[in-house]
Amino acid sequence: MKKILVTGGAGFIGSHVVRLFVTKYPEYKVVNLDKLTYAGNLANLKDIENRPNYEFVKGDIVDGDFILKLFEQEQFDGVIHLAAESHVDRSISNPTEFVFTNVIGTVNLLNAAKHIWKDKPEGKRFYHISTDEVYGSLGNKGMFTEETGYDPHSPYSASKASSDHFVRAYHDTFGLLSVVSNCSNNYGSFQFPEKLIPLFINNIRNNKPLPVYGKGENIRDWLWVEDHARAIDVIFHRGKTGETYNIGGHNEWTNINLIRLMCKIMDRKLNRPDGESEKLITYVKDRAGHDLRYAIDSTKLQHELGWVPSLQFEEGLEKTIDWYLANEEWLQNVTSGDYQKYYEQQYVKR
Ligand code: NAD
Ligand code: DAU
């Protein structure tokens, strides 16, 4: 039996990865380590929480002693590391938190893996999940490849870039058997409604203003979260040690076009007259250091490992909107309490 540690498994992408691994690999034991910050929610895993090959451990990756003990006790064969502070706007108001979790937390995991695998590294794997934001911002042309130099602009992307460098340094210096992937913007069920798509679905439903940063001309490359989870499965099992794989769906949208499409779908779903939800669009002050464009070239992953995205964006967006409309209780639970304070600081008091 293989024992796999997934960090951040109660978050958006992590919960899809945990679900995929627990259901697809009944012979693996999957341990989900999560601090349950505002972004982590065990309700994301209700459907698989009683599976015999799944275990949840509440804990903080910043606590190095705790991490070392956990690795010594559990003797993991593999690590899929997703735990992170993940929201760019929060990194602008509180950068230090991002250094602790994203940099120190990653180094603690690397130290623990290096320690328990030092005598028997064969068959072990440390898989670090990163983002396309480490590459910086593109102009109108070109795409990020695995060779693109790092040029992070936000405290979030700087902390992710730093953690990527540590993973590669542990591979080169200590021979840690690691692999890294850098993915574009994900969308789908269970995403915390501070991120563009779920935030705007929630606001449209509640007839609240849609705060578009700047002129809405920034471009993001959107990928269905379950396609990301499938790519993680393929890379974890067949990716080459020491390599980097870019993951993306060749699916670029300006924010404003995406927002208009969401408004159109929502008008239909909520039986509103055409154009009604678009009236909620409100242009607000731009995000500081706002990257203009991301676009991922995932040729390497497609050619070497045969992964391809499964879903057209319009279909995925429609499914995502349906999910949020059908899961109002989930939305209400995650947006109660501290989230209200965050929302006021981020948008109302601007
Ligand atoms: P998320 O914010 O939804 O989830 C993060 C999870 O990590 C939460 O469950 C949280 O409780 C947990 N966590 C945070 N700090 C922790 C700590 N100190 N110890 C233990 N657990 C902690 O994030 P997400 O969007 O699912 O992103 C997951 C990973 O994928 C991140 O590393 C992120 O950088 C990367 N990524 C995200 C996207 C995207 O579009 N969301 C794209 C590419 C890469
Ligand atoms: O590219 C991958 C990254 O995608 C991940 O690494 C991050 O964890 C994830 O949060 C995401 O970062 P972005 O900053 O691209 O995502 P966000 O949903 O915050 O914003 C998407 C775009 O929408 C961006 O150009 C900013 C804009 N935006 C966002 C919000 C929250 C607005 O115009 N208004 C908003 O209120």
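This talk covers the shell around ligand 2, the largest pocket, and two loop residues with unusual backbone angles.

Ground rules. This is a predicted model, where local features need pLDDT of at least 70, side-chain atom pairs count only at pLDDT 80 or more, and totals for chains, interfaces and linings use all residues. Residues are numbered from 1 along each chain as its sequence is written, chains are lettered from A and ligands numbered from 1 in the order written, and side-chain values use heavy atoms, without hydrogens or water.

Ligand 2, then. There are 26 residues around it, and Asp132, Glu133, Tyr156, Arg287 and Tyr347 come nearest. Being around the ligand takes one heavy atom within 4 Å. By class, the shell splits into 11 nonpolar, 8 polar and 7 charged residues. Here Ala, Val, Leu, Ile, Met, Phe, Trp, Tyr, Cys and Pro are nonpolar, Asp, Glu, Lys and Arg are charged, and the others, Gly among them, are polar. Helix H3 (88-93), helix H6 (196-205) and strand S8 (210-213) each give at least two residues to that shell. Helices and strands are DSSP runs numbered from the N terminus: H or I of at least four residues, E of at least two.

Which atoms of ligand 2 sit 2.9 Å from Tyr213 and from Asn255? An oxygen atom of ligand 2 lies 2.9 Å from a polar backbone atom of Tyr213. For Asn255, an oxygen atom of the ligand is 2.9 Å from a side-chain N or O atom. Pro211 uses a backbone N or O atom, 2.8 Å from a nitrogen atom of ligand 2. The cut-off for such N or O pairs is 3.5 Å. On its own, ligand 2 has 700 Å² of accessible area, and the protein covers 95% of that. The area is Shrake-Rupley, with a 1.4 Å probe.

Next, the largest pocket. It holds about 360 Å³ of space, as filled by probe spheres set on the grid points. A pocket is an open set of points on a 1 Å grid over protein atoms alone, where a 1.4 Å probe fits, with protein on both sides within 12 Å along at least five of seven lines; lining residues have an atom within 4 Å of a point. The lining has 14 residues, with Arg90, Ser93, Asn94, Tyr342 and Gln345 nearest the centre. Helix H12 (338-348) supplies the largest share, 6 residues. The lining divides into 4 nonpolar, 5 polar and 5 charged.

Last, backbone angles. Most residues other than glycine have a negative phi. Gln75 has a positive phi of about 50°. Gln75 sits in the loop between helix H2 (64-74) and strand S4 (78-81). Asn207 has a positive phi of about 55°, in the loop between H6 and S8.

Definitions and conventions
Polar contact = N/O pair within 3.5 Å; in protein donor to acceptor, adjacent residues only side chain to side chain.
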